[in-house]
Amino acid sequence: MNRDVNKSHCQTNKILFVYHPCFTKQKSRSALKMAEYNKAKISKLVLKGESSKGTKRKHKKDKKDKEAKRALVVDTDAVKHGGWWIVTKTSDITGSVALQFDKQAYVKALDNGLFTLGAPHNEGDPPDPEEIFSAVLINEQKVAFKSGYGKYLKAEKDGMITGRSDAVSALEQFEPVFDQGKMALLAANGCFVSVDPEDDALVAIKKKVGSDEVCMIRSCAGREDISNKELPAEESGNLDQVELNYVKKFQKFQDKKIRVSNEDKVALKKAKDEGALHEALLDRRSKMKADRYCK
């Protein structure tokens, strides 16, 4: 009898323990907290000041437009000369260079210490080994040239340019003169270097620059890859278009008329070669009183 009562009492306690309403509520609360934890765990971490919406995807069209702009910025002249580009400032005349006096034709060193104008090259061909010199920067204005025979170029008293010097003195120094996008090479005797039209010899006999004295120095030294350099939209096109683009950008539209300077573009081209294009454009706009940033 007592056994049956104890057994029944245990079973009753067991049933009460399993189905107690407090236990059910506690279990529900635990499940709810676990669900909230899992939800917070899988969500993205958002720092203070950041948007939880995420970043906007870049469209393929934008990428194609950038690639198209880069393709337009190619030094076609360098491509025509085997990758040798035109030097526009003295500080770039270092390393391997070539002296060009005619279309696709370069100064060539001879084994007797003299120089002549080599045969014209086909488009896309680089200079020959005999037409390549090593340039040494002396200071901000002057340079020296060493031929492939290991001798420095020198201006003789009679005006001949020879390559027989083992060291650099005042006579082995040359000064590149840049003006209006062109260049001439001033020798130590006060005359400009040219190619004698009679025998194609390299000489320095004229005090003034003529068409025969205009030359180009080309370099193959590494430089910034301009194909990867994106130009501003305002600088696309020729100088006329560039100036018009900047006038439109900064124009004071008081009377709804566009004012563009009528001055010669020669000074503007020189400023571009010297890296002062923006200053020159601003000066031209200020004279026209057409820039909202100019008083």
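**Notebook: a loop, a hairpin and two salt bridges**

I began at Val168, which I located in the loop between strand E8 (161–165) and strand E9 (175–179). I note that the model is predicted.

**Entry: Val168 and its patch**

I looked up how far Val168 is covered. Its relative accessibility is 34%, so I record Val168 as partly exposed. I then asked which residues make a nonpolar surface patch with Val168. Val136 and Ile138 join Val168 there, and the patch covers about 180 Å².

**Entry: the hairpin E5–E6**

Val136 led me to strand E6, where I found Ala144 as the bridge partner of Val136. I traced strand E5 over residues 133–137 and strand E6 over residues 143–146, and I found them paired in the antiparallel sense over four bridges. I recorded a hairpin of five residues as the connection from E5 to E6.

**Entry: the salt bridges**

How many salt bridges does the structure hold? I noted two.

For one of them, I found the side chains of Asp166 and Lys151 meeting at 2.3 Å, N to O. Asp166 belongs to the loop between E8 and E9, and Lys151 to the loop between E6 and strand E7 (152–155), so this pair ties together parts that are 15 residues apart in sequence. With 59% relative accessibility, Asp166 counts as exposed. Lys151, at a relative accessible area of 27%, is partly exposed.

I also found a salt bridge between the side chains of Asp77 and Arg218, at 2.8 Å, N to O. This pair links distant parts of the chain: Asp77 sits in helix H4 (residues 76–80) and Arg218 in strand E13, 141 residues apart. I noted as background that side chains of opposite charge can pair when their charged atoms come close.

**Entry: surroundings of Arg218**

Is Arg218 buried or exposed? Its relative accessible area is 0%, so I entered Arg218 as buried. Its partner Asp77 has 26% relative accessibility and therefore counts as partly exposed. I placed Arg218 in strand E13, residues 214–219. Leaving out residues up to four places away in sequence, I listed the residues that Arg218 touches, among them His81, Trp84, Trp85, Ile86 and Tyr106.

**Entry: the whole chain**

I closed with the protein chain as a whole, for which I recorded seven helices and 13 strands. Of its 295 residues, 28% are buried. Among contacts between residues at least 6 apart in sequence, I noted that 52% join residues at least 24 apart. The chain exposes about 20,800 Å², of which carbon and sulfur atoms supply 53%.

Notes
Residues numbered from 1 in each chain as written. Predicted model: local features only at pLDDT ≥ 70, side-chain atom pairs only at ≥ 80, totals over all residues. Heavy atoms only, no water. Pairing = 2+ DSSP bridges. Patch = residues over 30% accessible without salt bridge, like charges linked within 9 Å, V, L, I, M, F, W, Y side chains within 5 Å. Areas by Shrake-Rupley, 256 points an atom, 1.4 Å probe, with all protein chains shown as cover. Salt bridge = Lys/Arg side-chain N within 4 Å of Asp/Glu carboxyl O. Buried < 20%, exposed > 50% of the residue type's maximum accessible area, 1.4 Å probe, protein only. Contact = heavy atoms within 4.5 Å.
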